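Got the structure open in your viewer? Here is a walk through it, one selection at a time.

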Amino acid sequence: MVAIVFAVAAWQAVLLCLFFSVLYVGGLYVWSGSNDKDRDHPDVIKRRFMSVGATAVIVLPILWMISEKSENTEAYSILEWLGIRFFGLIPAVVLPLILTMILFLGPLYLHYMDGVFRLYLEPRYWTTSLQNFIWLRNHIVAPLSEEFIFRACMLPLLVPAFGIGWSVFLCPLFFGVAHFHHMIEKVIHKQAEVIDAFRQSMFQLFYTTVFGAYSAFLFLRTGHLIAPVMAHAFCNHMGFPAFNEVLGYPQPTRSKLIAIFTLGLILWSILLFPMTSSWLYSNYVYQA
């Protein structure tokens, strides 16, 4: 494939990323009558599946048009820039997922205590889930489409302009702000008062931005789109850690759970860089 580079100015990279964000979120609301039904309604979900697909189709030609052909050693094919590669694929599927599961060691242990793990061993759970549009959205379409637009399509623009370090913290801002549209939906459908919806959205802005930084880190360290997709799908499945549930347990169970939560965070911090070493994933595109 043709080797290309992205040599846009910093302000152009920011504007393009902002445009991609608006395009992604705006596409969710272009359908007539989209505000009449809840976001979890099957009709709304199916329409939004088509919208995010159309966004990807629009963004790709834009990236190609602003790129430049080059024989430079830092030039790669469009697929390589997007993190779609064969070499290192299996480690990219497995290792970032395991790393994220280590971070969620506490919540996973809660699942074990609550007996939730037994569900995953039931074939019926998986067949039912694959027929559920909410499950498909949360575990497949949202992780894949959001990581593609907000990581794979933005980081190739941001890294040449800002460098890897700044890009890891700049890229998530577009991702976090893009989730703020949930506030509008909650108010329109009278699911929450304006002030409550604002507080919930600010909290969501915080943790989606934090996750976005982690996701951008995984993309740049592995050079694979699938790495943040797997982490994203797992985090969507687990949800925000139920710290309040831990405090509701009596002693000594409470202390045991706090220790497991802490252990997960410590192990994740220790293993973060070793388990995302570029050589494990044949990552020659992004030297993070």
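**Stop one: a pair of crossing helices**

Start by selecting helix 4 and helix 14, whose axes come within 7 Å and cross at roughly 145 degrees. Axes here are lines fitted to C-alpha atoms, for helices over the stretch in contact, and angles run from 0 to 180 degrees between N-to-C directions. Helices are DSSP runs (H or I, at least four residues), numbered from the N terminus. Now show side chains: from helix 4, L99, I102 and L103 meet G264, L265, L267, W268 and L271 of helix 14. Contact means heavy atoms within 4.5 Å. What kinds of residue make up this contact of helix 4 with helix 14? They divide into seven nonpolar, one polar and no charged. In that count Ala, Val, Leu, Ile, Met, Phe, Trp, Tyr, Cys and Pro are nonpolar, Asp, Glu, Lys and Arg are charged, and the others, Gly among them, are polar.

**Before you go on: how far to trust it**

This is a predicted model, where local features need pLDDT of at least 70, side-chain atom pairs count only at pLDDT 80 or more, and totals for chains, interfaces and linings use all residues. Residues are numbered from 1 along each chain as its sequence is written, and side-chain values use heavy atoms, with hydrogens and water left out. Color the chain by pLDDT, the predictor's confidence in each residue, from 0 to 100. The protein chain averages 88, and 90% of the residues score at least 70. Where is confidence lowest, and where is it highest? Helix 10 (residues 181-188) has the lowest mean, 57, while helix 4 (residues 89-103) has the highest, 98. Where pLDDT is low, the predicted coordinates should not be read in detail.

**Stop two: the salt bridges**

Searching the whole structure turns up two salt bridges, each being a side-chain nitrogen of Lys or Arg within 4 Å of a carboxyl oxygen of Asp or Glu. Select D40 and R137 to see one of them, with the closest N and O atoms 2.8 Å apart. D40 sits in the loop between helix 1 (10-26) and helix 2 (42-66) and R137 in helix 8 (residues 133-152), so the pair ties together parts that are 97 residues apart in sequence. D40 is partly exposed at 33% relative accessibility, while R137 is buried at 12%. Buried means under 20% relative accessible area, exposed over 50%, partly exposed in between (1.4 Å probe, protein chains only).

While R137 is selected, add R48, a residue of helix 2. R48 and R137 are 89 residues apart in sequence, but 9.3 Å apart in space, C-alpha to C-alpha. R48 is buried too, with a relative accessible area of 11%.

Next, pick R151 and E147 for another salt bridge, where the closest N and O atoms are 2.8 Å apart. Both residues lie in helix 8, four residues apart, about one turn of the helix. Are R151 and E147 buried or exposed? Both are buried.

**Stop three: helix 5 and helix 12**

Jump to helix 5 (residues 105-114), where G106, P107, L108, L110 and H111 are buried. Those buried residues pack against helix 4, helix 6 (117-120), helix 12, helix 13 and helix 14. Click on H111, which has a relative accessible area of 16%. Not counting residues up to four places away in sequence, H111 touches V116, F117, Y120 and M238. Just after helix 5 comes G115, with a positive phi near 80 degrees.

M238 is one of the buried residues of helix 12, so select that helix next. Helix 12 (residues 226-238) has 13 residues and reaches 18 Å from its first C-alpha to its last. That is close to the 18 Å expected at 1.5 Å a residue, the expected span being 1.5 Å times one less than the number of residues. After helix 12 look for G239, whose phi is positive, near 75 degrees.

**Last stop: around helix 14**

Select Q251 and P252, joined by a cis peptide bond with omega about 5 degrees. P252 belongs to the loop between helix 13 (243-247) and helix 14. Then move to the segment after helix 14 (253-271), where you will find T276. T276 is buried, at 1% relative accessible area. Leaving aside neighbours within four places in sequence, T276 is in contact with L99, F217, L218, R221 and Y281.

Finish on S282, also in the segment after helix 14. Its phi is near 50 degrees, a positive value in a residue other than glycine. Most residues other than glycine have a negative phi, and most peptide bonds are trans. S282 is partly exposed, with a relative accessible area of 33%.

Conventions
Helices (H or I, at least four residues) and strands (E, at least two) are DSSP runs, numbered from the N terminus.
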